[in-house]
Amino acid sequence: MVILPRGVRHMPGHLPPELQRELVEAIRGVVRRAPLYVPTMPKTGKEMSVRMTNCGTLGWVTDKDGGYRYQPVHPMTNEPWPPIPALLLSLWREVAAYPHLPEACLVNFYEADARMGQHQDRDEADFSAPVVSVSLGDDCLFRIGGTRRRDPSVSVRLTSGDVVVLGGESRLAFHGVDRIYPSTSALLKQGGRINLTLRRVSAPPILAL
Ligand code: MD3
Ligand code: FE
């Protein structure tokens, strides 16, 4: 048992197995139209170990020359991203407590040896909206700290069907994935882990009075 930072809401097993299977099928459809690609780090061009794609009107991408950014098209095919599956829009309406739908859904695929170093998500213009994360497939060890890199962190094991809502004070917290636990789920025939993050990207509309 760990105490998570303020603003982090971990909902273990929120998605029942049947919904997880439907979601995997929906993501297979996304990946057919928008293939997973190998993102590279700004400036160094070093390859990330996670494979990525997106759905939604905007997708998060990174490469050597362009750096971290959101754009409306796939970086390899130059085609618009496919729409966010209805199941995920319903989940956002259920848990986000935010009056606008997500614009981006980043799809991260982890093989057994993939990881994601500690980082902040700050490429969005709206930090008032939460990020909603869905885990599918093998378990991982997720770690989240504070808004400064040297702040203490806590680790939590995420399992298939877990939903995490990251809002408020946690929205700009450092976080990452330290490891995957291979063969801990039978959801994906070939193993591995999928993480979906639903995000608002654009600045929030001016409050109409
Ligand atoms: C905390 N993904 O895509 S999901 C990412 O499991 C990312 O693939 C991880 O970090 C993954 O940027 C972690 C949980 C998560 C997502 C977004 C956050 C935690 C967050 C944004 C702010 C703070
Ligand atoms: Fe992140």
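This is a walk through one structure, stop by stop, with something to select at each. Keep in mind that you're looking at a predicted model.

**Stop 1: the iron**

Start with ligand 2, the iron ion, and show the side chains around it. Which atoms coordinate the iron ion? You should find NE2 of H119, an OD oxygen of D121 and NE2 of H175, at 2.0 to 2.3 Å. Written along the sequence, the spacing of these donor residues is H-x1-D-x53-H. Now color the strands: H119 sits in β6 and H175 in β11, so this pair ties together parts that lie 56 residues apart in sequence. H175 is buried, because its relative accessibility is 15%.

**Stop 2: from the iron ligand into a salt-bridge network**

Keep D121 selected and add E124, R171 and R199: salt bridges link these four residues in a network. Which pair should you zoom in on? Try R171 and E124, whose side chains meet in a salt bridge at 2.8 Å, N to O. R171 comes from the loop between β10 (163–166) and β11 (175–181), while E124 comes from the loop between β6 (116–119) and β7 (131–137), so the contact ties together parts 47 residues apart in sequence. Are R171 and E124 buried or exposed? Both are buried.

**Stop 3: two other salt bridges**

The structure holds 11 salt bridges overall, so pick out a couple more. Select R200 and E103, where the N to O distance is 3.6 Å. R200 is in the segment after β12 (193–199), and E103 is in the loop between α2 (86–95) and β5 (104–110); the two residues are 97 apart and link distant parts of the chain. R200 has a relative accessible area of 13%, so it goes down as buried. E103 is buried as well, because its relative accessibility is 12%.

Next, select D151 and R148. Their closest N and O atoms are 3.1 Å apart, and they form a salt bridge. How accessible is each partner? D151 is buried at 16% relative accessibility, whereas R148 is partly exposed with a relative accessible area of 47%.

**Stop 4: strand β12**

Show β12 as a cartoon with its side chains as sticks. Why call this strand largely enclosed by the rest of the structure? Because seven of its seven residues are buried. Rotate the view to check both faces: R193, N195, T197 and R199 are buried on one side, and I194, L196 and L198 are buried on the other. R199 is a residue you've already selected, as part of the salt-bridge network with D121, E124 and R171.

Now bring in the strands that pair with β12. β5 runs antiparallel to β12, joined to it by seven bridges. To find your place in that pairing, select F109, which stands opposite I194 in β12. β7 also runs antiparallel to β12, here with six bridges. A handy marker for this pairing is V132, which stands opposite L198.

**Stop 5: helix α2**

Select α2 and look down its axis. Which residues of α2 are buried? They are L88, L89, L91, W92 and V95. These buried residues cover an arc of only 160° around the axis, which puts them on the same side of α2. Swing round to the other side of α2 and you'll meet A86, R93 and E94, which are exposed.

**Stop 6: the rings**

There are two aromatic pairs to visit. One is W60 with Y68: the pair is tilted, with 5.3 Å centre to centre and 35° between the planes. W60 is buried, given its relative accessible area of 12%, while Y68 counts as partly exposed at 39%.

The other pair takes you back to α2 by way of W92. W92 and Y98 sit edge-to-face, 6.5 Å centre to centre with 80° between the planes. W92 is buried, with a relative accessibility of 1%. Y98 is buried too, with a relative accessible area of 16%.

To finish, select Y181 and look down onto its ring. What lies over the face of Y181? That's R157, at 3.8 Å from the ring centre.

Key
Residues numbered from 1 in each chain as written. Chains lettered and ligands numbered in written order. Predicted model: local features only at pLDDT ≥ 70, side-chain atom pairs only at ≥ 80, totals over all residues. Heavy atoms only, no water. Helix = DSSP H or I, 4+ residues; strand = E, 2+ residues; numbered from the N terminus. Buried < 20%, exposed > 50% of the residue type's maximum accessible area, 1.4 Å probe, protein only. Donors = N, O, S within 2.8 Å, 3.2 Å for Na, K, Ca; no water. Phe/Tyr/Trp six-rings, centres within 6.5 Å; stacked < 30°, edge-to-face > 60°. Lys NZ or Arg CZ within 6 Å of the ring centre and 35° of its normal. Pairing = 2+ DSSP bridges. Arc of directions from axis to C-beta.
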